[in-house]
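Let's take a walk through a protein model, one strand, helix and hollow at a time. Keep the 3D view open while you read.

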Amino acid sequence: MSEPILVTGGKVYDQDGDVHHPASADILIVDGLIAAVRPGIAEAIRRGAPVPELSGRTIGRTIDASGRLVIPGFVNAHYHSHDVLLKGCFETIPLELWLLSALPPAFPKRSKAELRARTLLGAVECLRSGITTVQDLATVFPYDEEHVDTMLQAYDDVGIRCIFALQIADVPGAKSIPFWEETVPEDMRKGLSGAVEPFPGPKSLIDTVTDLTTSRMGRHRRISWALGPSSPERCSEGLLRDLADLSAKHRLPVYTHVYESKAMTLIARQTHAKYGGSLIDFLDKCRLLNPRMNMAHSVWMLPEEIRKIADRNANVVLNPVGNLKTRSGVAPIRQYVDAGVNVGLGCDNCSCSDCQNMFQSMKMFASLAAITDIEPGPPTAANAFYAATVAGARGAGMQDRLGQIKPGFAADFSIIDLNDPSFVPLNSAVRQLVFTEAGRSVETVIVDGKIVVENRKVVSIDEAALYAEAAELAKGLMKDLEGIQTRLAKMLPYLAEAHRKTWAQDVGLHRYIAR
Ligand SMILES: [Zn+2]
């Protein structure tokens, strides 16, 4: 391991302390962990006084954080690296139209170079805005184990922490969207695809996932594994029960999409009538509604379903920016907070949100009450910051290691420059982090005790070379996208009709304001 690092004199954010005016302390990092957080460590070393946590070792690097704020690294609890190169390609289109344009099943197989570049680029964007852990629910389609290894190596090289899950489904995408098959003419139907499609192979899907996951556990120090059923309605009951067993056996978190849009809610009512049309009851019957379950989006959730999630200690991961860009509606944030549900935050895809920035997600999380709740109250700025750090860690079962700057936790944190208009005057650290800062002040980022961002640049890889390569590789991707959009243009009137039919249905709740 590298030599110990000492971060001196910064105001250290502590959710259990004064979140408005955090106290100053020195932070000692030894072997990737926070060994001590208290004032006077630098002074003790200068005087030659003993610092027991150093165990006789010498400091390799000292970072002066005076005039700065030190905050825990954000946990981006819902993210997909597969469309990083498609940021800025789309206007605010409905989710079901967007997924036909942006997701891997619509595209020809990509090169390893493109996979590496996009994985690195997404990680760089995360790191530069203070995200130290990313949950990548990655679609690798067509499936190729070497492509998975390419992505894992990219994560390892750039130095971010990653909870990796392969996104899978065994129900064809066209069957999981209401009215698509009956509305789109037969000769165009093969162009209908979902977030991921079932992939044929020599092994069953569950064996493929089991072998991939178990053979790579522990291979990369900062990469842990999770399971990624795309969404309950895109998976058979048998597959979900097998995943529940695999999750229980290896204590693996599970990440999935639940009720992201009205269409996803309507299809549940139609196809899961046996479970009262409730995906929560369906997941519960499949033994997946437990503390390892993380349900991304959860926009169209009924009150009784929220109570059940709270009862089972399952987790919800909200993605407010992406939900707005895909016209999916606004999640019942206050109801989750009031019910005591653990709510993490994500930034979702690069082509539907379109940025990896937890400051934006936190601000949305705290602000969307404007259109859902007339009574003042939570979520507060501190609730939003908790969601972006501790709650995401808890969903991954890592609440004892990630999300706080405390002895024994992983040394994953960011140093924020307070000499910035966002923080002058410093009236409340937590409110200015949530409502004022946009990511501009993230100066230094440390992950696993290593400096990965310094002076606002990623130092683990050559950023400039990556940008040049990604821009070059994007040319081929844009050509493929053009072909997809030409094909979609012919289908659009039918897709729009399916979309309108969906919106005319009653699913028992509203999550939007419309004329
Ligand atoms: Zn997603």
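## Starting at strand 1

Let's begin with one pairing: lysine 11 stands opposite leucine 69 in strand 5. This is a predicted model, so keep that in mind throughout. Strand 5 covers residues 68–72, and strand 1 pairs with strand 5 in the parallel sense over 2 bridges.

Strand 1 has other partners too. With strand 4 (residues 61–64), strand 1 runs parallel, and 4 bridges join the two. With strand 2, strand 1 runs antiparallel, this time joined by 5 bridges. If both words are new to you: strands of a sheet pair through backbone hydrogen bonds, either parallel or antiparallel.

Now find leucine 6. What stands opposite leucine 6 in strand 4? That's threonine 62. In strand 2, leucine 6 stands opposite leucine 28. Strand 1 itself, residues 5–12, is mostly covered: 6 of its 8 residues are buried.

## Isoleucine 27, tucked away

Slide over to strand 2, which spans residues 24–30 and is the place of isoleucine 27. Is isoleucine 27 buried or exposed? Isoleucine 27 is buried, because its relative accessible area is 0%, and the cut-off for buried is under 20%.

Who touches isoleucine 27? Leaving aside neighbours within four places in sequence, its contacts include Ile5, Leu6, Val7 and Val12. Among the other contacts of isoleucine 27 are Ile405 and Phe413. For a sense of scale, try proline 493: it comes 466 residues away from isoleucine 27 along the chain, and their C-alpha atoms are separated by 59 Å.

## A four-stranded sheet

Next, look for an open sheet of 4 strands, in the order 11-12-13-14, with parallel pairing. Why do strand 11 (254–258) and strand 14 (342–345) each have one side without a neighbour in the sheet? They stand at the edges with a single partner strand each, so one side of each is left free of a sheet neighbour. From one strand to the next, the twist averages 30°.

Zoom in on strand 13 (residues 315–318), which pairs with strand 14 in the parallel sense over 4 bridges. Asparagine meets asparagine here: the bridge partner of asparagine 315 is asparagine 342 in strand 14. Lying across strand 13 and strand 14 is helix 13 (residues 358–367), which runs at about 135° to strand 14.

## Two helices to check out

Helix 2 is a good one to click on, as 8 of its 8 residues are buried. Those buried residues include Leu95, Trp98 and Ala102, and also Glu96 and Ser101. What covers them? The cover includes helix 5 (180–183), helix 8 (262–271) and helix 16 (463–504).

Then there's helix 6 (residues 205–216), where you'll find threonine 213. Threonine 213 counts as buried because its relative accessible area is 2%. Not counting residues up to four places away in sequence, threonine 213 touches Trp225, Leu227 and Leu252.

## Hollows inside

Now for the empty spaces. Rolling a probe the size of a water molecule over the atoms shows where empty space is left. How many cavities of 30 Å³ or more does a search of the whole structure find? The search finds 7. The largest cavity has a volume of about 160 Å³. Of the 20 residues lining it, His82, Pro104, Arg110, Glu114 and Arg118 are the closest to its centre. The largest share of that lining, 3 residues, comes from helix 3 (residues 112–128). By class, the lining of the largest cavity divides into 13 nonpolar, 3 polar and 4 charged residues.

The second largest cavity holds about 120 Å³ of space. Its lining has 15 residues, with Trp98, Leu103, Ala195, His257 and Glu260 lying nearest the centre. Helix 2 (residues 95–102) turns up again here, giving the most to this lining with 3 residues. The lining of the second largest cavity divides into 6 nonpolar, 6 polar and 3 charged residues.

## The largest pocket

Last stop: the largest pocket, with a volume of about 320 Å³. Which of its 14 lining residues lie nearest its centre? Look for Gly329, Val330, Arg511, Tyr512 and Ile513. Sorted by class, the lining of the largest pocket has 7 nonpolar, 5 polar and 2 charged residues.

Technical notes
Residues numbered from 1 in each chain as written. Predicted model: local features only at pLDDT ≥ 70, side-chain atom pairs only at ≥ 80, totals over all residues. Heavy atoms only, no water. Buried < 20%, exposed > 50% of the residue type's maximum accessible area, 1.4 Å probe, protein only. Contact = heavy atoms within 4.5 Å. 1 Å grid on protein atoms, 1.4 Å probe; cavity = no way out; pocket = protein on both sides within 12 Å on 5 of 7 lines; lining within 4 Å. Points joined across faces, edges and corners; volume = space filled by probe spheres on them. Nonpolar A, V, L, I, M, F, W, Y, C, P; charged D, E, K, R; others polar. Pairing = 2+ DSSP bridges. Axes fitted to C-alpha atoms, helices over the stretch in contact; angles between N-to-C directions.
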